[in-house]
Each structure stands twice: as C-alpha cells, then as structure tokens.
Amino acid sequence: LPPHFASRAAYRDENHTLTMASSTDRTVRWAILGTGSIATDMTQILKQLPSTEVLAVGSRTQASADRFADRWSIPRRYPSYEAACADPDVDVVYVATPSLRHPDDCKLALNH
C-alpha cells in the first residue's frame, strides 16, 4: 500500500472543517460511489487499513448497491450517489464512478 493510504486520511468534522487525521486519531468512515472494478479494488484496500471503516456504498440501483454491500459487508447501501454522499456519518467519499461522471460526482460529494 502507498504510505499515505496507510497513515493518513482527510475528513470533515461536524463544522465541515477539512482535517487530516492519522490512523490513530479515530476511525475514518468511507462511502464508495460505484460498484465496478475500481470500487472493488479500493474497498479491498480500505478493508486492510487500521482505523478505517467502509460504511456505505452508493450505486445507480438498490440491487447493485445491495450486491456490492453484501460482498464486502458494508452496512449501509444506497440506490443513488447523492444518498450515499448525504449520509451524515460518512467522513470521506471515494468516487469510483465512470470517468465522465467524476466532475459531477466530486462536486456532489463536496457539497454534502
């Protein structure tokens, strides 16, 4: 794993202040947008890291979100990217949607 994955993550606190936390500060809770191969690769990496929880997955359909969440034991599954981004317990959103969607999905994540 790249060293920065293993030791640091960014999250927004209750005041929406972006903070860098070491892996010993607290558990960083992630949402994954998308359920394809890149989402699978990133989820596999995140599941190996200390103080990291993959809390939610968002997909274009509930069925796809459920399949992905069942495979990776992700507790929250959403039928839209917006719903996953709006989860108040999510600290970090990983955008694993098709490349052409990245600008809009990044803005969506930043606005929640």
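How exposed is Arg76, in terms of relative accessibility? I started my notebook with that one, keeping in mind that this is a predicted model. At 28% relative accessibility, Arg76 counts as partly exposed, because the partly exposed class lies between 20% and 50%.

**Entry 1: the partner of Arg76.** I looked for what Arg76 pairs with, and found a salt bridge to Asp89, with 2.8 Å between the closest N and O atoms. Arg76 sits in strand S5 (residues 76-78), while Asp89 is in the loop between H4 and S6, so I was looking at a link between distant parts of the chain, 13 residues apart. Asp89 is partly exposed too, at 29% relative accessibility.

**Entry 2: other salt bridges.** I noted seven salt bridges in the structure. One of them joins Arg29 to Asp91, with the closest N and O atoms 3.1 Å apart. Here the partners are 62 residues apart: Arg29 belongs to strand S3, and Asp91 to the loop between H4 and S6. I checked both ends: Arg29 is partly exposed at 24% relative accessibility, whereas Asp91 is buried, with a relative accessible area of 11%. Arg26 joins Arg29 and Asp91 in a network of salt bridges.

**Entry 3: helix H5.** Which residues of H5 are buried? In this helix (residues 102-110) I found Asp105, Leu108 and Ala109. Seen down the helix axis, the buried residues of H5 fall within an arc of 95 degrees, so they line one face. I turned to the other side of H5 and met Asp104, Lys107 and Leu110, which are exposed. The cover over the buried residues includes S3, helix H4 (81-86) and strand S6 (92-95). I lingered on Asp105, which is buried at 1% relative accessibility and forms a salt bridge with Arg101, the closest N and O atoms being 2.8 Å apart. Arg101 itself is partly exposed, at 33%.

**Entry 4: the cores.** Next I looked up the nonpolar residues. The largest nonpolar core has 16 residues, and Trp30, Ile32, Leu46, Val57, Phe68 and Ile74 have the most contacts inside it. Strand S3 (28-33), helix H2 (37-46), strand S4 (52-58) and helix H3 (62-72) each give two or more residues to this core. H3 gives the most, with four. I followed Ile32 a little further: leaving aside residues up to four places away in sequence, Ile32 touches several residues, including Ala39, Leu46, Val57 and Tyr94. Apart from this core lies another, of twelve residues, among them Ala31, Leu33, Val90 and Ala109. I had already met Ala109 as one of the buried residues of H5.

Notes: Residues are numbered from 1 along each chain as its sequence is written. This is a predicted model: local features need pLDDT of at least 70, side-chain atom pairs count only at pLDDT 80 or more; totals for chains, interfaces and linings use all residues. Side-chain values use heavy atoms; hydrogens and water are left out. A nonpolar core is a set of buried Ala, Val, Leu, Ile, Met, Phe, Trp, Tyr and Cys residues joined through side-chain atoms within 4.5 Å. Buried means under 20% relative accessible area, exposed over 50%, partly exposed in between (1.4 Å probe, protein chains only). Contact means heavy atoms within 4.5 Å. The arc is that of the directions from the helix axis to the C-beta atoms. A salt bridge is a side-chain nitrogen of Lys or Arg within 4 Å of a carboxyl oxygen of Asp or Glu.
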